[in-house]
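Q: Please give me a close look at how charged side chains pair here, and at the parts of the chain around those pairs. I am new to this structure, so a careful and connected account would help.

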Amino acid sequence: MSEKAKFFSRSLFFLITISIFLLILSSFSLVQFPGTHFIPRSVFKLILVNSTSFFLKPNAQTELVKFPFFSSTDTNLSMRCGSLSCPNTNMGASRCYRNKTCGRNQALRKLKVFVYDLPPEFHFGLLGWKGNTNQTWPNVDSHSRIPPYPGGLNLQHSVEYWLTLDLLASNTPKVGTAVRVQNSSQADIVFVPFFSSLSYNRHSKLHGKEKVSVNKMLQTKLVQFLTARDEWKRFGGNDHLIVAHHPNSMLHARKKLGSAMFVLADFGRYPVEIANLGKDIIAPYKHVVRTIPSGESAQFDRRPILMHFQGAIYRKDGGAIRQELYYLLKDEKDVHFTFGTYRGNGIKKAAQGMASSKFCLNIAGDTPSSNRLFDAIASHCVPVIISDDIELPFEDVLDYSEFCLFVRASDAVKKGYLLDLLRGIEKDQWTKLWERLKEIAPHFEYSYPSQPGDAVDMVWKAVLRKTSSVQFKRHRKNRYARPEAFLKRI
């Protein structure tokens with residue numbers, strides 16, 4: 001090889017070596033020092049998105065380095081990250097911070113809520129609370145002063161109660177997603193504090209000489225109140241939040257208030273133009289069985305019952321499948337499929353049965369959903385969902401296939417199908433579902449004061465994710481508002 005060729009070869013090798021070194025240095029500086037880097041941010045973003053390459057810092061406070069091309073207030077990032085669901089998410093490392101960082105970033109984005117000061121007859125007055133003259137709300141600083149919600153099956157639809165309590169306490173020092181504001185023009189959402197499920201459960205029947213039930217009367221008054229408000233007129237109610245968790249709640253007013261965002265159990269008794277996933281929130285029922293601590297949860301070999309169902313068997317509409325499954329499964333020795341209610345000792349028996357079962361059946365009834373799913377989650381009994389039209393809470397951030405099994409109704413009623421499926425699941429496969437079930441269970445716990453990642457917090461985060469569509473409609477409506485305002489002055 002000539003001297004000229006050798007020189008060219010060495011120069012090329014040296015140039016390549018320097019280029020690789022600068023590439024590595026630039027990559028490192030982009031992550032560690034956002035203000036100094038050689039590669040354009042957009043190019044490095046593509047590298048990360050397609051290769052999911054990342055660097056770890058030796059810092060206990062931040063498990064995963066923040067990438068500079070994500071703003072700390074990026075809505076998509078912070079809303080996809082939940083304080084409890086982050087560690088096991090299927091999202092790439094570049095899409096989500098781990099647990100602690102994720103929680104901090106979400107804390108930066110608060111949901112600002114304006115609350116109507118409705119008279120107590122719409123909320124805590126339904127619980128028998130009577131305040132002083134001109135007092136609208138109870139003192140929530142002390143648990144002993146907070147009116148308790150009725151027990152039994154009333155509790156399963158008590159979402160309205162927990163959300164309202166959280167808002168009343170939102171200005172006290174606490175970690176939470178929602179904060180109450182006093183000026184509606186500063187709010188992301190306007191909250192309507194009507195205990196509609198309690199109103200239906202306790203006051204939908206006529207008493208004495210009543211010609212109109214208290215429940216219907218309150219709904220009529222609510223429609224009159226809301227439609228007369230400037231806040232409602234401003235955007236046609238699009239930025240209002242109404243909790244109507246019981247399937248029969250708000251029955252008389254839902255059509256007139258259908259432009260609002262609803263918090264519901266499912267869409268089973270709503271026409272699609274009134275309630276749909278585009279604008280509304282699905283919230284979990286409050287389970288009525290005891291929450292089993294993770295350390296006390298029975299493992300595979302300590303759960304002798306293969307599958308468990310206890311409840312009403314003869315149902316109408318989509319719930320007719322319960323009867324078919326009952327006759328298919330009732331004589332199997334390792335199956336508990338029986339009629340039962342939550343009255344008397346029913347809740348305790350159901351809790352014992354679920355805690356001793358590997359799988360718990362959640363079968364469609366009069367509506368696609370039921371509290372049974374959330375009782376199963378609290379019992380760490382792997383849910384088997386047989387309800388083709390069910391909508392599930394927080395499914396945009398939770399992958400239910402990681403801790404539930406889904407079976408089409410048409411397959412479930414085939415002789416032997418369900419038994420073969422569940423008996424064929426090995427111990428290690430079941431254990432993987434069970435472990436994930438224990439991890440996500442706190443997301444379905446309602447509590448006061450609310451905790452990061454509990455059901456109250458998860459509902460507010462779901463509302464926060466919906467506000468982008470509310471803002472989109474708001475901004476479109478404002479397109480010609482300013483020119484029209486100018487013309488009025490001429």
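A: Helices (H or I, at least four residues) and strands (E, at least two) are DSSP runs that are numbered from the N terminus. Leu-12, for example, has its place in helix α1, which takes in residues 3-32. The structure is a predicted model, in which local features need pLDDT of at least 70 and side-chain atom pairs count only at pLDDT 80 or more, while totals for chains, interfaces and linings use all residues. Residues are numbered from 1 along each chain as its sequence is written, and side-chain values use heavy atoms, with hydrogens and water left out.

Burial is judged by relative accessible area, with a 1.4 Å probe and protein chains only: under 20% is buried, over 50% is exposed, and partly exposed lies in between. Leu-12 has a relative accessible area of 41% and is therefore partly exposed.

Now to the charged pairs. A salt bridge is a side-chain nitrogen of Lys or Arg within 4 Å of a carboxyl oxygen of Asp or Glu, and by this rule the model has 17 salt bridges. One of them brings together the side chains of Asp-117 and Arg-180, with N to O at 3.1 Å. Asp-117 lies in the loop between β1 (111-115) and α5 (159-168), whereas Arg-180 belongs to strand β2 (residues 178-181), so this pair ties together parts that are 63 residues apart in sequence. The two partners sit in unlike surroundings, for Asp-117 is partly exposed at 47% relative accessibility, while Arg-180, at 14%, counts as buried.

The elements on either side of the loop that holds Asp-117 can be followed a little further. Strand β1 is the place of Phe-114, and because its relative accessibility is 11%, Phe-114 counts as buried. The C-alpha atom of Phe-114 is separated by 9.3 Å from that of His-240, although the two residues are 126 residues apart along the chain. In α5, 10 of the 10 residues are buried, so this helix is largely enclosed by the rest of the structure. Among the buried residues of α5 are Trp-162, Tyr-161 and Leu-165, and also the acidic side chains of Glu-160 and Asp-166.

A second salt bridge joins Lys-330 to Asp-331, with their closest N and O atoms 3.4 Å apart. Here Lys-330 is partly exposed, with a relative accessible area of 33%, and Asp-331, at 65% relative accessibility, counts as exposed.

A third pair is made by the side chains of Arg-436 and Glu-402, which meet in a salt bridge of 2.8 Å, N to O. This pair links distant parts of the chain, since Arg-436 stands in helix α14 (residues 427-440) and Glu-402 in the loop between β10 (382-386) and β11 (405-406), with their positions 34 residues apart in the numbering. Arg-436 and Glu-402 are both buried. Elsewhere, salt bridges that share partners join Glu-332, Asp-334 and Arg-423 into one network.

Taken together, the pairs described here include Asp-117 with Arg-180, which ties a loop to strand β2, and Arg-436 with Glu-402, which links helix α14 to a loop.
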